[in-house]
Amino acid sequence: MEITTIFGFILLGLVAGTLASTLGVGGGIIFVPMLVAFFGFSQIEAQGTSLAIILPTALLSTVVHARAGRIHWGVALVAGIIGVPTALLGANVALSMDQDQLSKAFSILLTIVAIRMSYRAWTLRPSAASAELDRSGDPAGLE
């Protein structure tokens, strides 16, 4: 493996880790497109590699968030119990799909997520402004 490729993977890890932890998105949303677009991975290789990358970072993040008391353990338990068999099913479905279909399905999912997040961000803006108004009582912030 060339040094430039290793440097690229290090940079990818730094960028993806920072964005995932800062924005609260799954690392796969960042890793998969980057591995395909910049490192020439096939869609299925990128997805599998992304899952392997996410495992240790998810464990570390879980410890940090657990210490801070930010985990709803009941939700995590139920989702985890359901997630294990459905992950197995999903992996088998992905392996049986044509690479082009899988890439298109992934890009549709990313588009839906982006639209949903954008919509939510725009609908939260007025409530944030009204919360600020409620605290100060001054819409212009002149107090």
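**Pockets, core and rings in a predicted model**

Let me begin with the largest pocket, which holds about 510 Å³ of space. A pocket here is an open set of points on a 1 Å grid over the protein atoms alone, where a 1.4 Å probe fits, with protein on both sides within 12 Å along at least five of seven lines, and lining residues have an atom within 4 Å of a point. The volume is the space filled by probe spheres set on the points, which are joined across faces, edges and corners. This is a predicted model, in which local features need pLDDT of at least 70 and side-chain atom pairs count only at pLDDT 80 or more, while totals for chains, interfaces and linings use all residues. Residues are numbered from 1 along each chain as its sequence is written, and side-chain values use heavy atoms, with hydrogens and water left out.

Of the 19 residues lining the largest pocket, Ser21, Thr57, Ala58, Ser61 and His65 are the closest to its centre. Helices H1 (3-23), H2 (27-39) and H3 (43-67) each give two or more residues to this lining, and H3 gives the most, with seven. Helices here are DSSP runs (H or I, at least four residues), numbered from the N terminus.

The second largest pocket has a volume of about 370 Å³, and of its 16 lining residues, Gln47, Leu51, Ala87, Gly90 and Ala91 lie nearest its centre. Two or more lining residues come from each of H2, H3 and helix H4 (73-96), with H4 giving the most, eight residues.

Turning to the interior, the largest nonpolar core has nine residues, namely Leu12, Ala16, Val25, Ile30, Phe31, Val32, Leu35, Ala46 and Phe106. Such a core is a set of buried Ala, Val, Leu, Ile, Met, Phe, Trp, Tyr and Cys residues joined through side-chain atoms within 4.5 Å, where buried means under 20% relative accessible area, exposed over 50% and partly exposed in between, for a 1.4 Å probe and protein chains only. H2 supplies the largest share of this core, four residues.

Finally, there are two aromatic pairs, that is, rings of Phe, Tyr and Trp (its six-membered ring) with centres within 6.5 Å, counted as stacked when the planes are under 30 degrees apart, edge-to-face over 60 and tilted for the rest. The ring centres of Phe9 and Phe41 are 6.3 Å apart with planes at 90°, so this pair is edge-to-face. Phe9 is partly exposed at 27% relative accessibility, as is Phe41 at 22%. Ring pairs link Phe9, Phe39 and Phe41 into a cluster.
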